Amino acid sequence: TPTPTPTPAPAATIVFSGIVKDANTGAVIPNALVELLDGPNAGRGLRTDSTGAFQITGLATGAARAQASATGFGNDGANRDFLSDTTVIFHLRPIP
């Protein structure tokens with residue numbers, strides 16, 4: 001009998017999580033938009049919950065620019081290497 005072809009292992013995925021805060025007061029920012037702007041997960045994003053927290057699951061590994069934004073605040077972003085689960089605290093500055 002022929003040997004069955006092995007099923008390839010699923011690609012590893014990672015979790016990007018964190019919190020968005022006011023850079024001046026340290027208060028959390030609910031409903032802020034956190035998104036990945038480029039790389040293998042470009043276009044993935046979501047809004048923070050009532051505690052300013054976010055969690056994006058099922059991401060492919062690779063480099064990307066992550067950004068947080070909210071009404072009345074400037075954006076905060078950085079280039080990241082998403083090689084394993086990653087946690088970030090974004091600090092947004094209020095727009096005067």
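Mentor: Two strands count as paired if DSSP finds at least two bridges between them. Keep that in mind for this predicted model.

Trainee: How do you know that strand β1 and β7 pair?

Mentor: Strand β1, residues 14-22, shares seven bridges with β7. The rule asks for at least two, so the two strands pair. Their sense is parallel. Ser17 stands opposite Thr87 in β7, and Ile19 stands opposite Ile89 in that strand.

Trainee: What makes β4 and β7 edge strands?

Mentor: The open sheet has three strands in the order β4-β1-β7, with mixed pairing. β4 (53-59) and β7 (86-92) each pair on one side only, and that makes them the edges. On average, neighbouring strands of this sheet are turned by 20 degrees against each other, direction ignored.

Trainee: Which residues of β7 lie on its covered face, and which on the uncovered one?

Mentor: Thr86, Val88, Phe90 and Leu92 form the covered face, while Thr87, Ile89 and His91 form the uncovered one. In a regular strand, side chains alternate between the two faces of the sheet.

Trainee: Why is Phe90 called buried?

Mentor: Its relative accessible area is 2%. Buried means under 20%, so Phe90 qualifies. Phe54 is at 5% relative accessibility, so Phe54 counts as buried too.

Trainee: How many aromatic pairs does the structure hold?

Mentor: There are four aromatic pairs. A pair of aromatic rings is described by the distance of the centres and the angle of the planes.

Trainee: Why is the pair of Phe16 and Phe54 called edge-to-face?

Mentor: The ring centres are 5.1 Å apart, and the planes meet at 70 degrees. Pairing needs centres within 6.5 Å, and planes over 60 degrees apart count as edge-to-face, so both tests are met. Phe16 lies in strand β1 and Phe54 in strand β4, so the pair ties together parts that are 38 residues apart in sequence. Both residues are buried.

Trainee: What makes the pair of Phe54 and Phe90 tilted?

Mentor: Their centres are 6.0 Å apart, with 40 degrees between the planes. Under 30 degrees would be stacked and over 60 edge-to-face; 40 is neither, so the pair is tilted. Phe54 belongs to strand β4 and Phe90 to strand β7, so this pair ties together parts that are 36 residues apart in sequence. Ring pairs link Phe16, Phe54, Phe82 and Phe90 into a cluster.

Trainee: Is Asn41 buried or exposed, and how do you know?

Mentor: Asn41 is at 5% relative accessibility, and the limit is 20%, so Asn41 counts as buried. Its place is the loop between β2 (33-36) and β3 (45-47). Neighbours within four places in sequence aside, Asn41 is in contact with Leu36, Leu59 and Ala60.

Trainee: Why is Asn31 called partly exposed?

Mentor: Its relative accessible area is 47%. That falls between 20% and 50%, so Asn31 is partly exposed. Asn31 lies in the loop between β1 and β2. Its phi is near 65 degrees, a positive value in a residue other than glycine.

Trainee: How do you know that the protein is not a compact globule?

Mentor: The protein has zero helices and seven strands. Its radius of gyration is 17 Å, whereas the globule rule gives 12 Å for 96 residues, so the protein is more spread out than a compact globule. The C-alpha atoms fill a box of roughly 75 × 25 × 15 Å along the principal axes. Of the 96 residues, 30% count as buried.

Notes: Residues are numbered from 1 along each chain as its sequence is written. This is a predicted model: local features need pLDDT of at least 70, side-chain atom pairs count only at pLDDT 80 or more; totals for chains, interfaces and linings use all residues. Side-chain values use heavy atoms; hydrogens and water are left out. Helices (H or I, at least four residues) and strands (E, at least two) are DSSP runs, numbered from the N terminus. Axes are lines fitted to C-alpha atoms, for helices over the stretch in contact, and angles run from 0 to 180 degrees between N-to-C directions. Buried means under 20% relative accessible area, exposed over 50%, partly exposed in between (1.4 Å probe, protein chains only). Contact means heavy atoms within 4.5 Å. The radius of gyration is taken over C-alpha atoms; the globule rule is 2.2 Å times the number of residues to the power 0.38.
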